[in-house]
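Here is a friendly walk through a structure you can turn on your screen as you read. Keep the 3D view open and follow along from one element to the next.

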Amino acid sequence: MNLSLLIFFSLGMFLIGIIGVLTKRNALVFFLSIELMLNASNLLFVIFSRQWGNQIGLAWVFFVLVVAAAEAAVGLAILINLFRTKQVVDIDQYNNLRG
Amino acid sequence: MHCALCFSLFLPLAGFLILMAFADRIPRLPTYIISCATVCLSFISFAAILIIYTYTGMLPHSDTLYTWIPIEQLHTDISLRIDPLSLLMALIVTGIGFLIHVYSIGYIEHEEDFARYFACLNFFIFAMLLLVLADNLLLLFVGWEGVGLASYLLIGYWYFRPAAARAATKAFVVNRIGDFGLLLGLLLAFHLFGTTHIATISEMASQQYDKGDTLLTIMTLLFFVGAIGKSAQLPLHVWLPDAMEGPTPVSALIHAATMVNAGVYLIVRLHPVFMMTPQTLQLVGVVGAATALYAALSAVGQTDLKRVLAYSTVSQLGLMFLACGSGAFYSAMFHLTTHAFVKALLFLSAGNVVHMMQGTTELNKMGGLSKNFPYTHWLFFIGVLALSGVPPLATFFSKDLILEQEYLAGFEVLFYIGLAASILTAFYLTRVYCLTFFGTAKLPPQILSQIKEAPRIMLLPVFILGTLAIIGGFLGFTFGKTPLLEGFLKEVGVTLAEKKLSSGFILTPETWYAVGGAFFGIITAGILYLRFADRLGAPLSILKHSFYVDQLYELIIVTPLKSLARLITNFFEMGIFDGCIRLVTANVNRTASLLITMQSGQIRSYAAWIVIGVVVLMIYLVF
């Protein structure tokens, strides 16, 4: 497998995540895009772990997965509460902190 | 003895502090008692000092109570000096002060804010005693400013009346000009003598300087400026007539009997220095004479009872300065004493009328009040006769002494001016007496019949002052071989200037002029205002407005100053200073409103900022 191809693949995933975060107004898709970025970085860990032949990268993947799971739990809870307050999932509606 | 002195000085201060601290919590009666008792005890202890002095010749010596400024040359102590001169002043201040305290109980009975009044009155007594007893000029200056403050507070006692507030400010500002002169004189004295100790200065002035030394003359001139301000002489007299906006007992105590005498006292206290500067003394005499005549003429035209008396005070103070000017410091002090009695009497009996008529002071609302005030009008009459110079009442002797003095010293012009002023005095006092108590009543009968004689607590002090006004002149007499007041004051070198004049009372042609003049004034005014009162029009406008001095000052000083102030407010304050500050705040605002757009509250825009930040950081790290 070509290493640079794999890196570009992971970079592409990350960019898709960023673009999703910046453009999507639906809170769930927004959330999904964050997960996508996390997994893009996971992929990079795996690629380099294999490339250099050590396991530290794989260990980090598990850390990221755990954090992502915890974040998903907290994030979804926040989302549900947000939805309860305004009955919408459009995150642009939640701009109460505007200066 | 030493304790007695401190005791009598600090008692009124204690009264002031107590009344000020617990102003709202002390009921009426204890307030009256505290206030009057402190002054009364102070008077008693001064009287005790006098009695001990008379029998043993011992006076409490000036002791250092406290070292105030322990800097080498400027070493200044809080130390008191009691000698016959300061003892006389202290007795006048506390004696008349006590009578007026008692009188005030009646006068202030309807006021809610009585504690403030009595506290200020006590503070005044303390400050005046400090002025009188001070051993060095610096401490005297403290007292000098203290009485100015007390005067300001009491003129503005009814601060909610715009006229009173304005009069208080005017008094304070005009006095400030004089005080500045005194302060400069004090600094010059320190420069010349290296000390502010009064006795040392007096001694060194005659030893180290020639007569008429320029610097010494400037110093005495500056002191005289201070005296002019405090004693309301030309051209700084404008505050005193306006000061009549204050309560009448205050006018009697501060603006007639005690504080305004401070200028005379200052000159007499420093007379060894003034004697070294004949030019200044000449000026003192001329200013005094001019003021005496000017104020007497102004008094004739006043239509307000209290303002007549105020101008009369200015005029009599002018006579005292006239006496000082020819070196007759004893005559000045004698006149100061008798005038204090008589003017307090006049003011307090006028106060009875004012008080019982609910604060009316305009003469055109009075008239025909003699039946309503059976005692007051006789007391006022005694005051009129005494101040006019009718023998043998108090002021006759002192005024006569001053006039005689001028004549014998060869100041004939000043003598005739003084004589004219005293004839005018008789005239305007009789005029005001007739307009107040006789003639046709201006008030409707049903109101007139309700005006009653003042309560007893207000009459008693006036009776005592009336007695003093009758017998006060005998202070100048010689019993046996010891002249009373003169022998007393001789100790401090305050004597009759003319050797030809013996103490006591001698009939001279000038006396006949003075007595004749007094009767002439009284009779003319009596005939004019009793018989032809209705046919006389309003007083001459120029006299009524006291030669338009106030208007002149308004025109050449006050208005330009106000426009200058307005210019500074509008241009410098609003334009430049506020402009600079507004420029800064406007820029801060603009920057903030730019930055505020970042805080949109949109999560996605925050995310965008983070992305941009990361990208910038990465570009920086890579390149």
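Let us begin with a strand pair: in chain B, strand 1 (residues 64–69) and strand 2 (residues 76–79) run antiparallel and are joined by four bridges. Please keep in mind that everything described here belongs to a predicted model. If you want one pair of residues to orient yourself, look at B:Tyr66, which stands opposite B:Ile78 in strand 2 of chain B. Together, strand 1 and strand 2 of chain B form a hairpin, with six residues between them.

The loop between strand 1 and strand 2 of chain B holds B:Gln73. Is B:Gln73 buried or exposed? B:Gln73 counts as exposed because it has 9 C-beta neighbours inside 10 Å, and the cut-off for exposed is 12 or fewer. B:Gln73 also has a partner from another part of the sequence to look at: B:Thr196 is 123 residues apart from B:Gln73 along the chain, and their C-alpha atoms are separated by 9.6 Å.

**Chain B as a whole**

Now zoom out. The secondary structure of chain B comes to 25 helices and four strands. Its C-alpha trace spans about 120 × 70 × 50 Å along the principal axes. Chain B has 623 residues, of which 52% count as buried. Among the contacts in chain B with a separation of 6 or more, 82% are between residues 24 or more positions apart.

**Two helix pairs**

Two pairs of helices in chain B are set out below.

| Helix pair in chain B | Axes come within | Crossing angle |
|---|---|---|
| Helix 4 (residues 114–133) and helix 5 (residues 137–155) | 7 Å | roughly 155 degrees |
| Helix 13 (residues 278–300) and helix 18 (residues 412–437) | 9 Å | roughly 25 degrees |

How are helix 4 and helix 5 of chain B oriented to each other? Their axes cross at roughly 155 degrees, and helix 4 and helix 5 of chain B are therefore roughly antiparallel, as angles over 145 degrees count that way. Helix 4 of chain B passes helix 5 of chain B in a left-handed crossing. On the helix 4 side of chain B, the residues that meet helix 5 include B:Cys120, B:Phe123, B:Phe124 and B:Ala127. Across from them in helix 5 of chain B, the contact residues include B:Leu139, B:Trp144, B:Gly146 and B:Ala150. The residues of this contact between helix 4 and helix 5 of chain B divide into 15 nonpolar, two polar and no charged.

Turn next to helix 13 and helix 18 of chain B, whose axes cross at roughly 25 degrees. Helix 13 and helix 18 of chain B are therefore roughly parallel to each other, as angles under 35 degrees count that way. Helix 13 of chain B passes helix 18 of chain B in a left-handed crossing. Helix 13 of chain B brings residues including B:Gly285, B:Ala289, B:Ala292 and B:Leu293 to the contact, and they meet a set in helix 18 of chain B that includes B:Leu414, B:Ile417, B:Tyr428 and B:Arg431. In the contact of helix 13 with helix 18 of chain B, the residues divide into 14 nonpolar, three polar and one charged.

**Backbone details in the loops**

Most residues other than glycine have a negative phi, and most peptide bonds are trans. Here are some places worth a look with that in mind.

The peptide bond from B:Leu234 to B:Pro235 is cis, with omega near -5 degrees. B:Pro235 sits in the loop between helix 8 (214–230) and helix 9 (239–242) of chain B. Another cis peptide bond runs from B:Pro391 to B:Pro392, with omega near 0 degrees. You will find B:Pro392 in the loop between helix 16 (376–388) and helix 17 (394–408) of chain B.

For positive phi values, go to the loop between helix 23 (541–544) and helix 24 (549–596) of chain B, where B:Ser546 lies. B:Ser546 is not a glycine, and its phi is positive, near 40 degrees. B:Ser546 counts as buried because it has 22 C-beta neighbours inside 10 Å. B:Phe547 is placed in the loop between helix 23 and helix 24 of chain B. B:Phe547 has a positive phi of about 60 degrees, although it is not a glycine. With 14 C-beta neighbours inside 10 Å, B:Phe547 counts as partly exposed.

**Where chain A meets chain B**

Finally, ten residues of chain A are in contact with ten residues of chain B. On the side of chain A that touches chain B, the residues divide into five nonpolar, three polar and two charged.

Technical notes. Residues numbered from 1 in each chain as written. Chains lettered and ligands numbered in written order. Predicted model: local features only at pLDDT ≥ 70, side-chain atom pairs only at ≥ 80, totals over all residues. Helix = DSSP H or I, 4+ residues; strand = E, 2+ residues; numbered from the N terminus. Buried ≥ 20, exposed ≤ 12 C-beta atoms within 10 Å, placed from the backbone. Contact = placed C-beta atoms within 7 Å. Axes fitted to C-alpha atoms, helices over the stretch in contact; angles between N-to-C directions. Parallel < 35°, antiparallel > 145°, perpendicular 65-115°, else oblique. Left-handed = near helix turned anticlockwise from the far one by under 90°. Nonpolar A, V, L, I, M, F, W, Y, C, P; charged D, E, K, R; others polar. Pairing = 2+ DSSP bridges.
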